[in-house]
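Colleague: I should like to learn how to read a few features of a model, beginning with the backbone and ending with the overall form. Might we take them in turn?

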Amino acid sequence: MRKVKGLMLAAAIAVAAGAASAQTLRIGLAEDPDILDPTLARTFVGRIVFAALCDKLFDLDENLNIVPQLATAYEWSGDNKSLLIKLREGVTFHDGEKFNAEAVKFNIERHKTMPGSNRRGELAPVTSVDVVDEYTVRLNLSAPFSPLLAMLTDRAGMMVSPKAAQAAGQNFGAAPVCSGPFKFVERIAQDRITLERYANYWNKDEIHFDRIVYVPITDATVRLANLRSGQLDFIERVAASDIPGLRSDSRFKISKIVELGYQGITINVNKSELAQKNPLGRDPRVREAFELSLDRDAIVQVVMEGESQPGNQWVPPGNPFYAKNVPIPKRDVAKAKALLKEAGVTNPSFTLMTPTNTDQQKIAQVVQAMAAEAGFDVKIQSTEFATSLNLADKGQFEAYVLAWSGRADPDGNLYSFLHTGAPLNNSGYSNPEVDALINQARTTLDVEARKKIYEQVAAQVSKDRPIIYLYHRYWLWAYTNKLSGLRTVPDGMIRVQGLKMS
Amino acid sequence: MFTYLVQRLATIIPTLVFVSMLIFGLQQLLPGDPAIILAGEERDPDVVAYLRARLHLDEPLPVRYLYWVGGVLQGDLGESLRIQRPVLDLILEKLPVTIQLASMAIVIALVIGVTAGVVSAVKKDTIWDYAANVIALWGLSTPNFWLGIMLILLFSVSLGWLPASGYVPPTEDLGANLAAMIMPAFVLGNAIAAVLMRHTRSAMLQVLSADYVRTARAKGLAERVVILKHALRNALVPVITLGALEFGTLLSGAVLTEQVFTIPGFGKLIVDAVFNRDYAVVQGVVLFTATAYITLNLLADLAYFLVNPRLRG
């Protein structure tokens, strides 16, 4: 009898404790995510949801170091052509299936073979996966590939339940089954995505919420109003203009993280015949004059109300791979004019295409005014985003204001944009020397050696100017002051481990 | 009656065929390659090629049209390539939300609009009339998104009475559902109320000067009975027609209002789909609303036919 009473008491305490900690975290997203399948997913905002739903082999820390998550250790082979990964034991997927080496093999192969996979390109150097034992896998590569570990900290490293993935086929994204701290409950398109705490999560002591609800609200003012009225606990991508108001409100806290990506102007230097028809695309001296006419600090002040970091490379100045030999050039209108004179074009005119998004339109206007002082006649062409991408891919532009959300490894900000013939190389830039250096950096695993190579790339690219990098935005987050344990990692993901409401 | 019905139904088919061609054709005029925007930031060439094949983008326009119509005839409106869900599911998910919002808005519009219209007609050229006119003008000239944001700031942020945005299904919590819907419904209803008020006012003024109203008054009927029973009933006919038209428009989605209040209805669905070039969703939703509109129109015609003996012949 006493035993029964004891049990009842224990049960009552457990229920009470459960009720006390039954907490929901409500997060306002700036967009509605796309397919929730790590293999097919294509948007930045989708990755924010994955951060709570799907664990990855590796993760990033605040200083961009690669740290284990589902993996516990790794080791490159002597020739750097294979990567041995030790896996965490005792991890299960949300359907109870075991996470092991077979599951990793299945996932990597799924990424590589599924029709429409957005990961195939990222994992292209991986030729095969060996199951060494239950908790060890080996990824075999066609050549050494330094960005691989960073790839595995993102969607390419996310592991889904093989059983669920096989059963659902192409429709897996409608009800994803991963191994993260939260499992999928429901999704109402454009309204909300609800996740629920996974009781058997391997790191469950770090999880202090029972539910997470992601609410996509595209309008920044409305998103903020929801935070202020208490409908939401957390909002991402706060408008820079709302920061002063939030700072004076003690109910909320603000976090700022320099992004991994950049905001810049891509110049058509060789993409189509348009490049040769205007002085900006034709003559590097004109591009230099254009860059010298710009004041990045002023652009950041006017466009972003100071809530961004000026920059001149594909990674922000604080990044370990920022090339210190190429500092941000100062504005010099006199020199810009002299260069134009030397090039024999005193009044060069070109069209600057910009998507119809507020920040980018503002950039175009500020750039237009600044460049005019050096004698440039910049015509602004505002174009709806999807249309502008199409024109950029076809080379139907002279200069184009475009942002890149950034990748953890510098190669992700570089290769696709500056390597000859790469898919996002809208400027049509082609420099065999730069190609060779970028390729060399890809096969160099030693960080210091890679930095040296990127210094050479930076030195050359800053002369050729296929892209003029302007600044790096801050990820601006606002949240209730009751929330603690927030980690600010430059990839802009909201990590739920350790996050707590007091 | 039977021949009339057959005739009306026969005209629906060519209308729908024409509408479907128009939807499909107009969509092709949108610049930008849907495969490129759907492929996301990376625009991986393999993924673009895969999406082009899924969308049949490399086939000639008439063939693509036939693929789509063929699917539609079998009840398959296609699939959203962005979030990978059947379009029909999305429509059925949004439909109750849109119907509820439209119904609440139209009720609000009728209550405000008809009351204000009657008052201003009866109290013509008094302070009441002027006040009603000013309110109507305000309703017509206030942009929905601005009014929406002001209401959110007042009732949600400052007073904390209502949720700022979002949607709760009525089956989950009716109170929360109404709390979430009242502001957007008011914003939408407010603009329509102004139109209805103007129409009610002019119809009432016309009816009030009719002979039978004078007769009713001469019989010594109470003014309240004359206005509400004799005058208003007749004045309401054009107002109800107008209200029905406005209701139809509301059903096709209220883009800005849904955006501001994050109500997941047709308007938000279609705008997001256009920007993301999610063609199947755009086509599906427009076809669905067009069909609904045509059907409602047919029902209205049939109702006239039943009500008006002169049409029956």
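Colleague: Where in chain B does His56(B) lie?

Modeller: In this predicted model, His56(B) is in the loop that joins H3 to helix H4 (61–73) of chain B.

Colleague: What should one look for in the backbone angles there?

Modeller: As a general idea, most residues other than glycine have a negative phi. His56(B) has a positive phi of about 55°, although it is not a glycine.

Colleague: Which other residue, one of chain A, has a positive phi without being a glycine?

Modeller: Glu305(A), whose phi is near 50°. Glu305(A) lies in the loop between helix H11 (296–304) and strand E14 (308–310) of chain A.

Colleague: Why does Glu305(A) count as partly exposed?

Modeller: A residue is buried if 20 or more other C-beta atoms lie within 10 Å of its own, and exposed if 12 or fewer do. Glu305(A) has 14 C-beta neighbours inside 10 Å, and therefore counts as partly exposed. His56(B) is partly exposed as well, because 14 other C-beta atoms lie within 10 Å.

Colleague: Which residues of chain A does Glu41(B) touch?

Modeller: Leaving out residues up to four places away in sequence, Glu41(B) touches Phe44(A) and Ser405(A). Glu41(B) belongs to the loop between helix H2 (34–38) and helix H3 (45–54) of chain B, and it is partly exposed, with 18 other C-beta atoms within 10 Å.

Colleague: How many residues of each chain are in contact with the other chain?

Modeller: In chain A, 37 residues are in contact with 42 residues of chain B. On the side of chain A that touches chain B, helix H6 (220–228) and helix H14 (385–394) are the elements that give two or more residues. By class, that side has 14 nonpolar, 15 polar and eight charged residues.

Colleague: How should one read the nonpolar core?

Modeller: In soluble globular proteins, nonpolar side chains tend to be buried together. Here the largest nonpolar core has 223 residues, and among those that touch the most other members are Leu53(A), Ile212(A) and Leu51(B). Helix H8 (residues 174–208) of chain B provides the largest share of this core, 16 residues. Contacts of Leu51(B) beyond four places in sequence include Gly116(A), Ala35(B) and Leu81(B).

Colleague: What does the radius of gyration say about chain A?

Modeller: A compact globule of 502 residues would have a radius of gyration near 23 Å, and the 25 Å of chain A agrees with this. The C-alpha trace of chain A spans about 100 × 55 × 40 Å along its principal axes, and 51% of its residues count as buried.

Terms used: Residues are numbered from 1 along each chain as its sequence is written. Chains are lettered from A and ligands numbered from 1 in the order in which they are written. This is a predicted model: local features need pLDDT of at least 70, side-chain atom pairs count only at pLDDT 80 or more; totals for chains, interfaces and linings use all residues. Helices (H or I, at least four residues) and strands (E, at least two) are DSSP runs, numbered from the N terminus. Two residues are in contact if their C-beta atoms, placed from the backbone, lie within 7 Å. Ala, Val, Leu, Ile, Met, Phe, Trp, Tyr, Cys and Pro count as nonpolar, Asp, Glu, Lys and Arg as charged, and the others, Gly among them, as polar. A nonpolar core is a set of buried Ala, Val, Leu, Ile, Met, Phe, Trp, Tyr and Cys residues joined through C-beta atoms within 7 Å. The radius of gyration is taken over C-alpha atoms; the globule rule is 2.2 Å times the number of residues to the power 0.38.
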